[in-house]
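Colleague: Got a minute to go through this one with me? I'd like to poke at a few residues and a helix.

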Amino acid sequence: MATAAAHHTAQQTGPQAYGAQSGVPDTACGTDDTAAYQRAFDAAVAADERVEPRDWMPDAYRATLVRQIAQHAHSEIIGMQPEANWITRAPSLRRKAILMAKVQDEAGHGLYLYSAAETLGTSREDLLDKLHTGRQKYSSIFNYPTLTWADVGAIGWLVDGAAITNQVPLCRCSYGPYARAMVRVCKEESFHQRQGYELLLALSRGTPEQHAMAQDAVDRWWWPSLMMFGPPDDESAHSAQSMAWKIKRHSNDELRQRFVDICVPQAESLGLTLPDPDLKWNEERGHHDFGAIDWTEFWEVLKGNGPCNEQRMTQRRRAHDEGAWVRESAAAYAAKRNDEAGAGRG
Ligand code: FAQ
């Protein structure tokens with residue numbers, strides 16, 4: 001936030017005045033300065049400038065970002081599980097190599113996002129602890145099972161497709177580190193979406209059994225994919241404030257509608273149908289109308305009652321425990337490198 005930082009610097013009495021880690025201006029600055037920081041922050045957001053980690057920001061803005069970025073990071077690493085389930089059973093070496101690369105990409109997305117969250121003064125250990133103890137969420141979509149190979153295609157086409165629709169606007173998020181992480185994530189998600197589409201196309205054009213398998217996967221993943229965008233706008237607790245802060249650029253319903261409009265012609269090209277008898281073009285609105293989403297199912301999944309919630313969390317905690325030796329080794333190696341570098345400087 002170059003210009004905003006300049007606004008801030010003009011009002012700052014010294015480098016400590018912003019309380020960079022806590023987001024709370026130094027109490028010595030007094031109420032007037034807090035109000036001035038708030039005005040500078042509001043002006044920077046209104047001018048579409050980026051907020052950077054060392055800039056002053058309201059506590060609630062920081063907390064909202066930590067909540068959303070953590071949930072996003074957790075989704076990326078939990079999201080590795082449903083597809084990893086098929087790596088050993090991929091039908092060819094080519095498909096196996098592609099799927100392994102894709103699942104690794106998701107781990108990488110988790111790393112970018114945990115790093116972005118850490119710039120807000122939180123730690124990765126704390127975030128993972130909150131995930132493991134159920135105090136932070138991950139996306140509802142990853143609580144559904146991958147029953148057949150076609151599910152890998154449906155996840156790529158629909159789940160990654162929904163993720164891109166949601167995340168492209170996040171490249172313009174007001175918080176710099178999150179926005180920059182999203183640029184790279186979106187490029188990779190775009191590849192993921194295409195591999196899913198291509199996989200489904202091969203199945204759809206294959207034997208009748210393969211075509212039926214592709215259709216069944218789309219039937220099961222369509223509605224949960226629409227739920228990924230979050231509750232309807234009138235039930236979305238955070239949207240209004242997040243949009244005012246330009247963390248979110250569009251409402252949940254706007255992005256859901258955009259996704260439906262993108263998917264309809266793609267489904268036609270795939271030779272597959274979307275499982276919604278109410279789906280039809282509305283000339284007046286210039287969009288597709290679609291049927292009612294089962295929000296009871298969505299809230300139940302969020303409460304932990306989805307088909308795979310327990311399995312996902314058990315597997316996540318186990319992976320974390322089994323990875324303890326890797327974290328310890330990496331920390332010991334980093335400490336050794338630091339000592340060596342220190343000795344070199346001495
Ligand atoms: N699942 O007030 P809103 C991916 C919660 S990445 C679970 O509307 P907000 C890549 C929400 O947290 C997928 N919880 O909330 C991949 C809040 O609860 P809280 C993840 C949900 O934040 C592909 C409450 O409901 N993407 O798939 C969901 O303004 C393939 C009220 O909701 C992101 O995280 C949900 N679907 O809007 C990986 C994108 N929806 O926190 C592997 C970034 C809502 O008060 C394989 N996040 N909730 O307890 C966002 O854009 C937003 O956070 C929304 C929700 C749009 C998800």
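**A few spots in the model**

Modeller: Sure. Gln81 counts as buried, because its relative accessibility is 14% and the cut-off for buried is under 20%. Bear in mind that this is a predicted model.

Colleague: Which helix is Gln81 found in?

Modeller: Gln81 belongs to helix H4, residues 80-84.

Colleague: And what is Gln81 in contact with, leaving aside neighbours within four places in sequence?

Modeller: Gln311, Arg312, Gln315 and Arg316.

Colleague: Switching to H3. How far apart are its end C-alpha atoms?

Modeller: They are 28 Å apart. Helix H3 covers residues 59-78, and at 1.5 Å a residue its 20 residues should span 28 Å, so the two values agree.

Colleague: How many of the residues of H3 are buried?

Modeller: 15 of the 20, so H3 is largely enclosed by the rest of the structure.

Colleague: New topic: backbone angles. What is phi of Asp48 near?

Modeller: Near 65°, which is positive, and Asp48 isn't a glycine. Most residues other than glycine have a negative phi.

Colleague: Where does Asp48 lie?

Modeller: In the loop between helix H2 (30-46) and H3. Asp48 is partly exposed, because its relative accessible area is 47%, and partly exposed runs between the 20% and 50% cut-offs.

Colleague: What about phi of Lys246?

Modeller: Phi of Lys246 is near 60°, again positive in a residue other than glycine. Lys246 sits in the loop between helix H10 (239-244) and helix H11 (252-270).

Colleague: Is Lys246 buried or exposed?

Modeller: Buried: the relative accessible area of Lys246 is 19%, and buried means under 20%.

Terms used
Residues are numbered from 1 along each chain as its sequence is written. This is a predicted model: local features need pLDDT of at least 70, side-chain atom pairs count only at pLDDT 80 or more; totals for chains, interfaces and linings use all residues. Side-chain values use heavy atoms; hydrogens and water are left out. Helices (H or I, at least four residues) and strands (E, at least two) are DSSP runs, numbered from the N terminus. Buried means under 20% relative accessible area, exposed over 50%, partly exposed in between (1.4 Å probe, protein chains only). Contact means heavy atoms within 4.5 Å. The expected span of a helix is 1.5 Å times one less than its number of residues.
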